[in-house]
Structures are given as structure tokens and as C-alpha cells.
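Welcome! Take a moment to look over the model, then try the exercises with us.

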Amino acid sequence: MPRYNLFLYNQYGRVRYPETLDVPDVDAAQRVARKVANVFMEVVPYWKDLSAKQQDDFVVEIVDEAGGLVLTVPFSEAKPEPTEPVH
């Protein structure tokens, strides 16, 4: 199974997500990257105070085991996944 690392990135810095992902493919890694971006936007207290331009500068980079950039997921593309209703 492929292994990927995620990095949160903007013009000021790059921070590695603490866990390496063991997921079946890059599509699964992209789903995780979107979830990470959504959680970041929810928990960072000043997120809503940033301008749209500043928010657009944030991305999640998906990097393979060799260190190659596979995909960049802009925070602006991160949307909450629909959830199943609880019965």
C-alpha cells in the first residue's frame, strides 16, 4: 500500500502532518488532505479573520515516500464530506 505524507503549507512555512498515511491510492490521500484542511479551518481561532486572499494561500501538499510532490489540495477546495444521517 502506498505511503504518503501531508504538509500544510503557505507562503510563510511548511508543517508536516504528524502521521504518515497508509492509504490505497492518491484519491484516498486527497480525501484525508481535505479532512485535515477542514479541521484546521474549524480549530484555528483566527481563520475567519483572514482575508480571502490569505485563506487562499493555504494548501495541503501530498508527498510520496520518496519525497516527491504528488498533489496539492488548496484549502479552498476542501469541503466537508457529506455525512450519513443517524437513525
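Below are three short exercises, each with a worked solution.

This is a predicted model, where local features need pLDDT of at least 70, side-chain atom pairs count only at pLDDT 80 or more, and totals for chains, interfaces and linings use all residues. Residues are numbered from 1 along each chain as its sequence is written, and side-chain values use heavy atoms, with hydrogens and water left out.

**Exercise 1.** Find which residues of α1 are buried.

*Solution.* Step one: locate helix α1 at residues 26-43 (helices are DSSP runs of H or I, at least four residues; strands are runs of E, at least two, numbered from the N terminus). Step two: apply the cut-offs, where buried means under 20% relative accessible area, exposed over 50%, and partly exposed in between (1.4 Å probe, protein chains only). Step three: read off A28, A29, Q30, A33, V36, A37, N38 and M41. Their cover includes β1, β3, β4 and β5.

**Exercise 2.** Work out which residues are linked with R3 in a network of salt bridges.

*Solution.* A salt bridge is a side-chain nitrogen of Lys or Arg within 4 Å of a carboxyl oxygen of Asp or Glu. First, D22 meets R3 at 3.0 Å, N to O. D22 is in strand β3 and R3 in strand β1, 19 residues apart. Next, R3 pairs with E65, with the closest N and O atoms 3.4 Å apart. Together, R3, D22 and E65 form the network.

**Exercise 3.** Decide whether E61, the salt-bridge partner of R14, is buried or exposed.

*Solution.* The closest N and O atoms of R14 and E61 are 2.6 Å apart. R14 is partly exposed at 45%, whereas E61, at 12%, is buried.

Definitions and conventions
Expected span 1.5 Å × (residues − 1). Contact = heavy atoms within 4.5 Å.
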